[in-house]
Amino acid sequence: MAGPDASDELPEFGEGHYWETHYEKAAEEGENLYDWLVGWTELRWLLEPLMGFDTRRAVLHLGSGNSPLPEDMYDAGYHHQTAVDISEVVTKQMSERNQASRPEIQWRAADCRNMAEICSESFPLVVDKSTLDAFFCNDQHALAIAEFIKEAFRVTSVGGAFISVSMHRPPAVLPWLQHHAFRWTVQAVPIDKPRPESSGRPGRCHCHAYICGNKRRTAASLEKHWLRLAHRVREHPDSDLSGSDFDASSDSDSQDGEAEL
Ligand SMILES: C[S@@+](CC[C@H](N)C(=O)[O-])C[C@H]1O[C@@H](n2cnc3c(N)ncnc32)[C@H](O)[C@@H]1O
């Protein structure tokens, strides 16, 4: 399966039903694992410091698909992992595949925009790799992106981090991550690697890891700011955020969620 570039047309990636069919077909074709964009080799130097090199800390993967990342992290000692994906098919496949060898990984079929069963502020590290990219393809992308980031923010513990690895460049992603509803400090780190031969596309893969640090209680911040953002994206579900969405005069706290680029 070929990985995408930001310039490709990816019309269906934002729809849950697309992924169910995709993983059924992948299994029929004998594809058990596929890492979008990059894998543990390219991310380890970023992820381990975020975990304080403490293998007892819990990791949550959002839209984990059949990526080997949770398995590779497990083999590096990080046993406390939960991997959520909308696809029942891939969740079952990954659960069965790892049942005996990596029994502590929890594989859950759920919509990561609404993970009611996951407590607020419960994960010191929350990882997205190309799931945000899928939401960028949704017909109602503003709504999907805002709900996704809101859930990521809600479940990330205070002092913890959300890392989003995306093929989209900072001008498209930062307005969302830096929205004052989330109160994150954000750092964008470019990542570049040769594409695997199996992609069938020569050249290099360019993406960014967006590292979002959470220093505040999420509930208070969401209570204060989420309703306004939610109203905005429900009114304009297929739009992008504009400068007026960051109007500091309407929010005295909005200046201290500074970005570090
Ligand atoms: C581009 S793939 C990335 C898979 C994996 N993270 C990787 O890096 O290889 C996007 C993944 O997001 C999942 N996904 C899409 N919408 C979702 C949703 N609403 N909730 C949870 N997972 C979702 C898809 O099933 C798919 O596995």
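Before counting anything, I noted what a cavity is here: a set of grid points, over the protein atoms alone, where a 1.4 Å probe fits but cannot get out. I also kept in mind that this is a predicted model.

**Entry 1: the cavity**

I looked up how many cavities reach 30 Å³ or more, and the count came to one. Its volume is about 470 Å³. Next I checked the lining and found 33 residues, with W19, G63, D85, T131 and A134 lying nearest the centre. Then I asked myself which elements give two or more residues to that lining. They turned out to be α1, β1 (59-62), α3 (69-75), β4 (123-129) and α5. The largest share belongs to α5, which puts in four residues. I sorted the lining by type too, and got 17 nonpolar, ten polar and six charged residues.

**Entry 2: where the ligand is**

Where does the ligand sit? I found it in the largest cavity. I then went through the shell around the ligand, which has 19 residues, and noted that Y23, G63, D85, D111 and K129 come nearest. By type, the shell splits into eight nonpolar, six polar and five charged residues. Two helices, α1 (16-28) and α5 (131-136), each supply at least two residues of this shell.

**Entry 3: polar contacts**

I took 3.5 Å as the cut-off for a pair of N or O atoms. For Y23, a side-chain N or O atom is 2.5 Å from an oxygen atom of the ligand. I86 uses its backbone instead: an N or O atom there lies 3.1 Å from a nitrogen atom of the ligand. With T131 I was back at a side chain, where an N or O atom is 3.4 Å from a ligand oxygen.

Last, I wanted to know how much of the ligand is covered by the protein. On its own the ligand has 590 Å² of accessible area, and the protein covers 98% of that.

How values were computed. Residues numbered from 1 in each chain as written. Predicted model: local features only at pLDDT ≥ 70, side-chain atom pairs only at ≥ 80, totals over all residues. Heavy atoms only, no water. Near = heavy atom within 4 Å. Polar contact = N/O pair within 3.5 Å; in protein donor to acceptor, adjacent residues only side chain to side chain. Areas by Shrake-Rupley, 256 points an atom, 1.4 Å probe, with all protein chains shown as cover. 1 Å grid on protein atoms, 1.4 Å probe; cavity = no way out; pocket = protein on both sides within 12 Å on 5 of 7 lines; lining within 4 Å. Sits in = over half its atoms within 2 Å of the grid points. Nonpolar A, V, L, I, M, F, W, Y, C, P; charged D, E, K, R; others polar. Points joined across faces, edges and corners; volume = space filled by probe spheres on them.
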